[in-house]
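Notebook open, structure loaded. I'm jotting down what I look up as I go.

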Amino acid sequence: MFTGIIEAIGTIRAITPKGGDVRVLVETGKLDLADVKLGDSIAVNGVCLTAVELPGNGFWADVSRETLARTAFDDLKPGSPVNLEKALTPTSRLGGHLVSGHVDGIGEILMREDNARAVQFRIRAPRDLARYIALKGSITVDGTSLTVNSVNGAEFELTIVPHTLAETIMADYRPGRRVNLEVDLLARYLERLLLGDKAAEPQSSGLTESFLAEHGYLKH
């Protein structure tokens, strides 16, 4: 588990094909690795990866085909900057929100414009994630815990303050860029609970419009 508070900006130094998937070397910059052991988890742009080698100034991790298919990791190349966060501990401050490091989908930056000293971004989420994104709710973008400032269908807006721009890779975001999205865990669990007994039936991974209408959650 993570908090979505980025601890350092790292750099992808190598991407090596290995048996059908890839192994990556991440240089970790100012991230303190003194307490990191082999097998520990580190979030890279919001993707939970396992450290399999620790050369000293970074770590090697394996990236599966599933991760490559479901995240924007495939867009990275040697030299790409990435957001880094170590797994939280029982004594960590939960400054953001609970983040699993399991990406739900890939979003696209649609707009970037200045808003006083902050920067406003509009992002389009995959259609099937729209129901989890709420006004003033939490969302994780490339591993960064952020507050949703407006929602319009599958599009949402974020206002990013100077500190976040300086401490994450968001300063580099431009329209057309793909980003990793993880929705709020509580929304996922609430959806599953609302299914009740239907959760045990096949193909019951989420709430359909017909289910919501049948149970009075949608008004026509």
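Entry 1. I started with Gln120, which sits in strand 8, residues 118-124. Note to self: this is a predicted model, so everything here is computed from it.

Entry 2. Is Gln120 buried or exposed? I looked up its relative accessible area and got 11%. The cut-off for buried is under 20%, so Gln120 counts as buried.

Entry 3. Next I wanted to know which side chains make polar contacts with the Gln120 side chain. One is that of Glu157, at 3.2 Å. Another is that of Thr159, with a polar contact of 2.7 Å between the two side chains.

Entry 4. I then listed what Gln120 touches, skipping its neighbours within four places in sequence. Met111, Arg112, Glu113 and Asn115 came up, along with Glu157, Leu158 and Thr159. Glu157 turns up in the polar list too, and so does Thr159.

Entry 5. On to the sheets. I traced a closed barrel of six strands, in the order 1-2-5-4-3-6, with antiparallel pairing. Averaged over neighbouring strands of this sheet, the turn against each other is 45 degrees, ignoring direction.

Entry 6. I picked strand 6 (residues 81-86) for a closer look. How many of its six residues are buried? I get five, so I'm noting the strand as mostly covered.

Entry 7. Strand 6 has strand 1 (residues 8-18) as an antiparallel partner, and I find four bridges joining them. For a concrete pair, I looked up Thr11 and found Pro81 of strand 6 opposite.

Entry 8. Strand 3 (residues 41-44) also pairs with strand 6, again antiparallel, over three bridges. Here Ala43 has Glu85 in strand 6 as its bridge partner.

Entry 9. What does strand 3 do with strand 4 (residues 47-53)? They run antiparallel and are joined by four bridges. Ala43 shows up once more, with Cys48 as its bridge partner in strand 4. I've written down both partners of Ala43: Glu85 in strand 6 and Cys48 in strand 4.

Entry 10. Last, I checked the record. The unreviewed UniProt entry carries the annotation "domain: Lumazine-binding" over residues 1-97 and 98-194. For residues 1-97, I get 6% helix and 42% strand, with the end C-alpha atoms 10 Å apart. For residues 98-194, the values are 16% helix and 42% strand, and the end C-alpha atoms are 21 Å apart.

Note on methods
Residues are numbered from 1 along each chain as its sequence is written. This is a predicted model: local features need pLDDT of at least 70, side-chain atom pairs count only at pLDDT 80 or more; totals for chains, interfaces and linings use all residues. Side-chain values use heavy atoms; hydrogens and water are left out. UniProt positions are given in the numbering used here, feature names are shortened, and annotations may be inferred rather than shown by experiment. Helices (H or I, at least four residues) and strands (E, at least two) are DSSP runs, numbered from the N terminus. Buried means under 20% relative accessible area, exposed over 50%, partly exposed in between (1.4 Å probe, protein chains only). Two strands pair if DSSP finds at least two bridges between them. A polar contact is a pair of N or O atoms within 3.5 Å; within protein, one must be able to donate a hydrogen and the other to accept it, and residues adjacent in sequence count only if both atoms are side-chain atoms. Contact means heavy atoms within 4.5 Å. Axes are lines fitted to C-alpha atoms, for helices over the stretch in contact, and angles run from 0 to 180 degrees between N-to-C directions.
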